[in-house]
Amino acid sequence: MAIERTLSIIKPDAVAKNVIGKIVSRFEAAGLKMVASKFVHLSRSEAEQFYAVHKERPFFKDLVEFMISGPVFVQVLEGEDAILKNRDLMGATDPKKAAAGTIRADFADSIDANAVHGSDAPETAKGEIAFFFAGLNVYKR
Ligand code: RTP
Ligand code: MG
């Protein structure tokens, strides 16, 4: 299996609940290593750019409002099959449908306030990592 990198965002709801460490522990337990991280309070235009793929969807405005409602904790995670592994740890987009023991089942309140974001494919991971960490070091560990 290939060593990959993926972008994870701990969203404003989970930051406000003070569960960053609990979520990071899940990544660590699954063998994903944090190789870059920072807090960011996204501007409206940054959030619109980040989720541009959804700009025609009915939920876009609410998604952007939510993502700018408070700071987020952004990480690059590295490990075997990191993209899919992170998505499995996150669980389904709607926490009501997320499998027991997943991050969204345990920490998310609704489909809007759903605790975490994760890249969904190698190309999106590359673009999302560059979006937040262009020109910065992403460490070898
Ligand atoms: P994310 O991009 O945040 O990791 O979430 P995801 O892949 O599981 O879901 P995606 O389809 O990419 O949607 C992005 C975010 O938009 C909100 N959403 N609302 N009301 C709805 O039907 C709906 N669908 C999506 C969610 O907050 C989702 O995380
Ligand atoms: Mg998505």
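A residue counts as near a molecule when one of its heavy atoms lies within 4 Å of it. Keep that cut-off in mind as we walk through this predicted model, because it decides which residues belong to the surroundings of ligand 1.

Let's begin with the protein as a whole. It holds 7 helices and 4 strands. Read from the N terminus on, these elements follow the order β-α-α-β-α-α-β-α-α-β-α. Along the principal axes, the C-alpha atoms fill a box of roughly 40 × 35 × 25 Å. The radius of gyration is 14 Å, and this agrees with a compact globule, because a globule of 141 residues would have a value near 14 Å.

Now let's turn to the ligand. Where does ligand 1 sit? Its place is the largest pocket. Around ligand 1 there are 14 residues, and those that come nearest are Lys11, Tyr51, Thr93, Ile111 and Asn114. In chemical character, the shell around ligand 1 divides into 5 nonpolar, 5 polar and 4 charged residues. Two elements of the fold each supply at least two residues of this shell: helix H5, spanning 82-90, and strand E4, spanning 116-118.

Which side chains place an N or O atom at 2.9 Å from an oxygen atom of ligand 1? One is Arg87, and another is His117. Tyr51, already met among the residues that come nearest, has a side-chain N or O atom 2.7 Å from an oxygen atom of ligand 1. These pairs are polar contacts, because the cut-off for a pair of N or O atoms is 3.5 Å.

How much of the accessible area of ligand 1 does the protein cover? On its own, ligand 1 has 560 Å² of accessible area, and the protein covers 79% of that. To bring the picture together, ligand 1 sits in the largest pocket, with residues from helix H5 and strand E4 in its shell.

Conventions
Residues are numbered from 1 along each chain as its sequence is written. Chains are lettered from A and ligands numbered from 1 in the order in which they are written. This is a predicted model: local features need pLDDT of at least 70, side-chain atom pairs count only at pLDDT 80 or more; totals for chains, interfaces and linings use all residues. Side-chain values use heavy atoms; hydrogens and water are left out. A polar contact is a pair of N or O atoms within 3.5 Å; within protein, one must be able to donate a hydrogen and the other to accept it, and residues adjacent in sequence count only if both atoms are side-chain atoms. Accessible areas come from the Shrake-Rupley method with a 1.4 Å probe; for residues, only the protein chains shown count as cover. On a 1 Å grid over the protein atoms alone, a cavity is a set of points where a 1.4 Å probe fits but cannot get out, and a pocket is an open set with protein on both sides within 12 Å along at least five of seven lines; lining residues have an atom within 4 Å of a point. A molecule sits in a cavity or pocket if more than half of its atoms lie within 2 Å of its grid points. Ala, Val, Leu, Ile, Met, Phe, Trp, Tyr, Cys and Pro count as nonpolar, Asp, Glu, Lys and Arg as charged, and the others, Gly among them, as polar. The radius of gyration is taken over C-alpha atoms; the globule rule is 2.2 Å times the number of residues to the power 0.38.
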